[in-house]
Amino acid sequence: IQNFKSNSTSVSGEIQTNALEGFTASLFIALVEVAIDYDQPPGHNGQKHFFDVFRSFHSSPMGQVITMAAEESKSHAFNFVVDEQWNYSQLKVVAFLQDTDKQVLQAASSAYP
C-alpha cells in the first residue's frame with residue numbers, strides 16, 4: 001500500500017499474483033488507528049490503552065469482488081472519509097484478499113505515517 005499520508009485520505013495499492021491460475025476473491029480495505037490512549041477508561045473494565053482499533057471499511061464490510069488472471073497486477077485508488085476525532089498520525093490502512101473459503105490469500109498494511 002502506498003501514498004498514505006497523515007494529512008490525506010487518499011490511498012492507492014497494487015495487487016499482484018504469481019498464481020498459475022486466476023482466482024476470484026474479496027478485497028477488504030480497512031482503516032485502523034494504531035494506538036488510542038485515554039486519561040480515563042471509556043468503559044467498565046478499566047482499560048485505557050487500545051491498539052489497532054478498527055475505524056472504517058472502504059466500500060463495504062462484504063468486501064469488493066476481484067477477479068484476477070494468472071500473473072496479473074491490478075491497481076486500486078480510493079478515499080476514506082476520516083472523522084475529525086481520529087488521530088491522523090495514528091492511522092494506517094490494512095488490506096487483504098480472502099477467497100470464498102475464508103482463506104486469506106494476500107495481506108498488507110501501510111507504513112505508519
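The legends below describe close-up views of a predicted model.

**View 1. The largest nonpolar core of the predicted model and the strands that build it.** This core has 17 residues, and those with the most contacts inside it are Leu27, Ile29, Leu31, Phe80, Val82, Val93 and Leu97. At least two residues of the core come from each of strand S1 (10-16), strand S2 (23-37), strand S4 (64-68) and strand S6 (91-98), and S2 gives the most, with 5 residues. In soluble globular proteins, nonpolar side chains tend to be buried together.

**View 2. The surroundings of Ile29.** Ile29 is among the residues with the most contacts inside the largest nonpolar core. When its neighbours within four places in sequence are left aside, Ile29 is in contact with Ser56, Phe57 and His58, with Phe78 and Phe80, and with Val93, Val94 and Ala95.

**View 3. The stacked aromatic pair of Phe28 and Phe96.** The two rings lie 5.0 Å apart, centre to centre, with 15° between their planes, and the pair is classed as stacked because planes under 30 degrees apart count as such. Phe28 lies in strand S2 and Phe96 in strand S6, so the pair ties together parts that are 68 residues apart in sequence. Phe28 is buried, with a relative accessible area of 9%, whereas Phe96, with a relative accessible area of 24%, is partly exposed.

**View 4. The cluster of phenylalanine rings.** The count of aromatic pairs comes to 4, and ring pairs link Phe28, Phe54, Phe57 and Phe96 into a cluster. Of these residues, Phe57 is also in contact with Ile29, the residue at the centre of View 2.

Technical notes. Residues numbered from 1 in each chain as written. Predicted model: local features only at pLDDT ≥ 70, side-chain atom pairs only at ≥ 80, totals over all residues. Heavy atoms only, no water. Core = buried A, V, L, I, M, F, W, Y, C linked by side-chain atoms within 4.5 Å. Buried < 20%, exposed > 50% of the residue type's maximum accessible area, 1.4 Å probe, protein only. Helix = DSSP H or I, 4+ residues; strand = E, 2+ residues; numbered from the N terminus. Contact = heavy atoms within 4.5 Å. Phe/Tyr/Trp six-rings, centres within 6.5 Å; stacked < 30°, edge-to-face > 60°.
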